[in-house]
Amino acid sequence: MADDANRTTPYVLIRDLPATDRPRERLRDFGAASLSEAELLAILLRTGNARESAIAQATRLLARFGGLTGLARASFAELCAEHGLGEAKAAQIGASLELGIRASRQHRSGAVIKTASDVEALLCTEMSLFDQEVVRVLVLDARNHLISMQDVYRGSVHTAHIRIAELLREPIRANASAIIVVHNHPSGDPAPSAADIAMTKMLVEAAKLMDIDVLDHMIMAGGKSASLRELRLGFAP
């Protein structure tokens with residue numbers, strides 16, 4: 001029994017799989033969209049280790065960190081601490097996830113934003129990655145085209161810490177017609193706080209004096225979002 005307990009559990013190497021089941025060949029023949037997250041991550045890892053194949057390792061990492069979102073939030077040190085991951089593999093994972101985020105940002109300019117769902121689709125994944133609170137202002141033209149986005153605050157977000165003038169600085173400079181304010185809750189709960197509601201009310205009143213419409217204030221966390229406009233919090237009836 002002791003020998004059985006100490007025996008290394010065999011696994012199938014990717015190179016021993018049929019060509020139709022190998023992630024790289026499937027990506028080549030059918031495109032990246034045909035692969036699972038574990039298979040895409042396995043391609044980055046390239047090789048497994050003495051205990052597991054690259055696919056098994058990728059599957060374990062996704063489970064350990066709670067999917068791609070959790071993996072993207074993990075620090076370099078946390079990745080390096082995982083069995084089978086050295087600095088090189090940790091760097092490959094971090095760089096690839098960051099490239100994905102940056103590519104997404106480049107497609108945002110000029111996007112038309114009409115609903116809270118549009119904002120959620122545009123930003124929810126990225127905003128949910130931050131481990132501290134970030135306040136972001138989306139600057140829109142008269143046709144709701146996105147002109148720019150700006151991170152105005154990072155850290156503890158509270159009405160007492162936020163100057164409304166800072167939120168409106170870029171919209172005024174850009175002669176914007178409307179704005180949407182977005183911030184995240186690192187706790188994972190997007191429910192608006194009393195401070196969030198108070199900040200919204202102050203912003204709506206100040207922006208009105210500048211002839212700028214505040215379309216919404218959205219809170220994002222854990223891959224979910226809450227629209228204060230839809231909840232009728234901080235906005236006049």
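The paragraphs below go through a predicted model of one protein chain, from its overall make-up to its cores, two buried polar residues and a surface patch.

The protein chain has 237 residues, and 39% of them count as buried. Eleven helices and five strands are found in the chain. Among its contacts with a separation of 6 or more, 58% are between residues 24 or more positions apart. The chain exposes about 13,300 Å², with carbon and sulfur atoms supplying 53% of that area.

The interior can be approached through the largest nonpolar core, which has 20 residues. Val137, Leu167, Ile179, Val181 and Leu203 touch the most other members of this core. Two or more residues each come from strand 1 (134-140), strand 2 (146-154), helix 9 (164-173), strand 3 (178-184), helix 10 (194-209) and strand 4 (213-221). A second core, separate from this one, has 17 residues, including Cys124, Val134, Leu146 and Val182.

Ile179 shows what surrounds one member of the largest core. Apart from neighbours within four places in sequence, Ile179 is in contact with Val137, Leu138, Val139, Leu168, Pro171 and Leu203, among others. Its contacts also include Ile212, Asp213, Val214, Leu215 and Asp216.

Polar residues can be followed in the same way. Gln57 sits in helix 4, which spans residues 54-65. Is Gln57 buried or exposed? Its relative accessible area is 0%, and buried means under 20%, so Gln57 counts as buried. A polar atom of the Gln57 side chain lies 3.3 Å from the backbone oxygen of Gly84. Beyond neighbours within four places in sequence, Gln57 is in contact with Leu45, Thr47, Gly48, Asn49 and Glu52, and also with His83, Gly84, Leu85 and Lys89.

Glu39 belongs to helix 3, residues 37-45. This residue has a relative accessibility of 13%; because that is under 20%, Glu39 is buried. With neighbours within four places in sequence left aside, Glu39 is in contact with Pro23, Arg26 and Ser34.

The last stop is on the surface. Ile172, Leu209 and Met210 make a nonpolar patch of about 330 Å² there. Ile172 is placed in helix 9, one of the elements that give two or more residues to the largest nonpolar core. The relative accessible area of Ile172 is 45%, which lies between the 20% and 50% limits, so Ile172 is partly exposed.

Methods:
Residues numbered from 1 in each chain as written. Predicted model: local features only at pLDDT ≥ 70, side-chain atom pairs only at ≥ 80, totals over all residues. Heavy atoms only, no water. Helix = DSSP H or I, 4+ residues; strand = E, 2+ residues; numbered from the N terminus. Buried < 20%, exposed > 50% of the residue type's maximum accessible area, 1.4 Å probe, protein only. Contact = heavy atoms within 4.5 Å. Areas by Shrake-Rupley, 256 points an atom, 1.4 Å probe, with all protein chains shown as cover. Core = buried A, V, L, I, M, F, W, Y, C linked by side-chain atoms within 4.5 Å. Polar contact = N/O pair within 3.5 Å; in protein donor to acceptor, adjacent residues only side chain to side chain. Patch = residues over 30% accessible without salt bridge, like charges linked within 9 Å, V, L, I, M, F, W, Y side chains within 5 Å. Salt bridge = Lys/Arg side-chain N within 4 Å of Asp/Glu carboxyl O.
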